[in-house]
Amino acid sequence: MSGRDRISELPECLLTQILSYLPTNQSVQTSVLSKRWENLYLSVPGLDLNCSVIPYDADELLLSFIDKLLEFSPESVLFKVKVQCRDTMIDGFRDRIGMMIDRGTQHLDVVSSTHCLEDDNSLYPIVDMMPMNLYTSKTLVYLKLSSSGLMDPGLVSLPCLKFMHLEEVKWRVHLEKLLSGCPVLEELTLVRDLEDDYARRHDEFMAMRVRSQSLKSFRVLPLRNGYVGSIVNCTLEIDAPGLEYMSLGEDQFDSIVVKNLTSLIMVNLDIKFVVGFWVLFNTWDVSKSNEIRDFLNGISSVRHMIISAKTVQALDHYSKTGMIPKFNNLSRLEAVFHSKLLQFLPAFLECCPNLKHLVLKVVHSEVMKEGLELTDVPRCVSSTLECVEIQEKLQCEEGKMKATSYFLGNSAVLKKFILSPTAYDPRNVVESEIYDKVNKLTKRSTGCEIIIRAMEEVVII
């Protein structure tokens, strides 16, 4: 019994399903196991090809191998296709992707080629266009494209597509038109190509419009290769009445316009409303101030907000000349504050009159205002705030205890106050000193539970 091959006794449908979780090159290697395994890889209902390791002189062998896979069982469905193309384009590969789509693919993930190798061994940038049958697939549910080109097909009809992820795509069709053919799309993720020369020459691509009745989640992710200066001005317009989650992870757009975000539950902002490193918008720029005002008003119905230190700085900057709207529905706020901006915290909390849960991450800064005083007490602190959690390391002990004292001394209905494991530097502060100091602070809410997470242990006072 110990030498019995139990795996080979499994039914073929189960074996091919197991092989579908392996990259195709590893699936092929199982053909040497026994006679039964010889052609089993050809019946796997998916492809996972990494063409980046294919030598330049092996293109024909690769295409022949793909043809063999596709021709072995032409009636079977290829549920999942994942292709990592080589940096240099392989002639005829686009046609093979089109054949894969025709096999009823539901999950398509393609990283396209970006260059062409000429006879003189010189590399030239190219746009690797996706096949036209992509736009009318009746089976696609998930689509992820990286560095691919998208032509205007005339007609877009993707009746089953629910998830679309587009990274540094070369747009030759408007995003709005693409989305108009996706009636059940729920999640959209974008990463702009900031150096698309075609878009620079065509003003019609200076706006990306996300208009969808079905969209529930929208994300803009950070650039894959880090920040580069944008050579193409572009406005992002979002009009999605069913949108529940929005994340803007980097300043890839010169302006952002939002409309009809009436279902918004959560936003995650890591933007400063202007493209460029260490650059803040000009507060005297009326059009930019109006744009920020309209954006904040457009998301003001949100219930859960996450904002980075970059966004906090931009909001503080904006508040010098503009008014931050009330976030009346906001019950949970997670914010990163540089210690030098803690003075802005009460003013911002004044805009959150019904806040119940605050997670405050404080980042030490070399520049900190002397004599930090938190005197103003917004409505939420005195009447609605139930839980405050301070995270991150604040090396300036004076600033940390001031924030702790502020919330404990002014929060009438506070039920729980938490100091996280990294809220202080154990190299400079003895843990017992922290406990003693917190215990001596005035607590307006007598029933408040104070929790200090000292490294791996949790101490409750």
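## A walk through the predicted model

Let's start with a pair of charged side chains: those of Glu237 and Arg211 meet in a salt bridge, at 3.5 Å from N to O. (A salt bridge is a side-chain nitrogen of Lys or Arg within 4 Å of a carboxyl oxygen of Asp or Glu.) Glu237 sits in strand β13 (residues 235-239) and Arg211 in strand β11 (residues 207-211), so this pair ties together parts that are 26 residues apart in sequence. Helices (H or I, at least four residues) and strands (E, at least two) are DSSP runs, numbered from the N terminus.

Before going on, a word about what you're looking at. This is a predicted model, in which local features need pLDDT of at least 70 and side-chain atom pairs count only at pLDDT 80 or more, while totals for chains, interfaces and linings use all residues. Residues are numbered from 1 along each chain as its sequence is written, and side-chain values use heavy atoms, with hydrogens and water left out.

Back to our pair: is each partner buried or exposed? Buried means under 20% relative accessible area, exposed means over 50%, and partly exposed is in between, using a 1.4 Å probe and protein chains only. Glu237 has 17% relative accessibility, so it counts as buried, whereas Arg211, at 35%, counts as partly exposed.

Now try another pair. The side chains of Lys310 and Asp270 also meet in a salt bridge, at 3.8 Å from N to O. Lys310 lies in helix α8 and Asp270 in the loop between β16 and α7, so the two tie together parts that are 40 residues apart in sequence. Both count as partly exposed, because Lys310 has 27% relative accessibility and Asp270 has 26%. There's also a network here: salt bridges that share partners join Glu176, Arg209, Arg211 and Glu237.

A third pair is Lys177 and Asp152, whose side chains form a salt bridge of 2.7 Å from N to O. Lys177 is in helix α5 (residues 175-180), and Asp152 is in the loop between β7 (149-150) and β8 (163-167), which puts the partners 25 residues apart. Lys177 counts as partly exposed at 27% relative accessibility, and so does Asp152 at 39%. In the whole structure, a search finds 16 salt bridges. As a general point, side chains of opposite charge can pair when their charged atoms come close.

Time to zoom out. The protein chain has 12 helices and 23 strands, and 49% of its 461 residues count as buried. Take the contacts (heavy atoms within 4.5 Å) with a separation of 6 or more: residues 24 or more positions apart account for 68% of them. On the outside, the chain exposes about 22200 Å², with carbon and sulfur atoms supplying 51% of that. Those areas come from the Shrake-Rupley method with a 1.4 Å probe; for residues, only the protein chains shown count as cover.

What's on the inside? A nonpolar core is a set of buried Ala, Val, Leu, Ile, Met, Phe, Trp, Tyr and Cys residues joined through side-chain atoms within 4.5 Å. The largest one has 116 residues, and Trp171, Phe218, Met246 and Phe407 have the most contacts inside it. Helix α3 (residues 59-72) gives the most to this core, with 5 residues. Apart from it lies another core, of 5 residues, including Leu15, Leu19, Trp37 and Val44. If you set aside neighbours within four places in sequence, the contacts of Met246 include Phe218, Leu261, Met266 and Phe295.

You've just met Leu15 and Leu19 in that other core, and they turn up again in helix α1 (residues 12-19), where Leu15, Thr16 and Leu19 are buried. They sit on the same side of α1, because they cover an arc of only 95 degrees around the axis. (The arc is that of the directions from the helix axis to the C-beta atoms.) The buried residues of α1 pack against α2 (24-29).

Helix α8 (residues 309-319) also has buried residues, among them Val312, Leu315 and Tyr318. The partners they pack against include α7 (286-298), β18 (332-338) and α9 (345-349). Over in α7 you'll find Ser289, which counts as buried because its relative accessibility is 11%. Leaving aside neighbours within four places in sequence, Ser289 touches Thr283, Tyr318 and Thr321.

One last thing: how many disulfides does the structure hold? There are 0, where a disulfide would be a pair of cysteine sulfur atoms within 2.5 Å. Take Cys352: the closest cysteine sulfur, in Cys380, is 6.1 Å from its own, which is too far for a bond. Cys352 counts as buried, because it has 0% relative accessibility.
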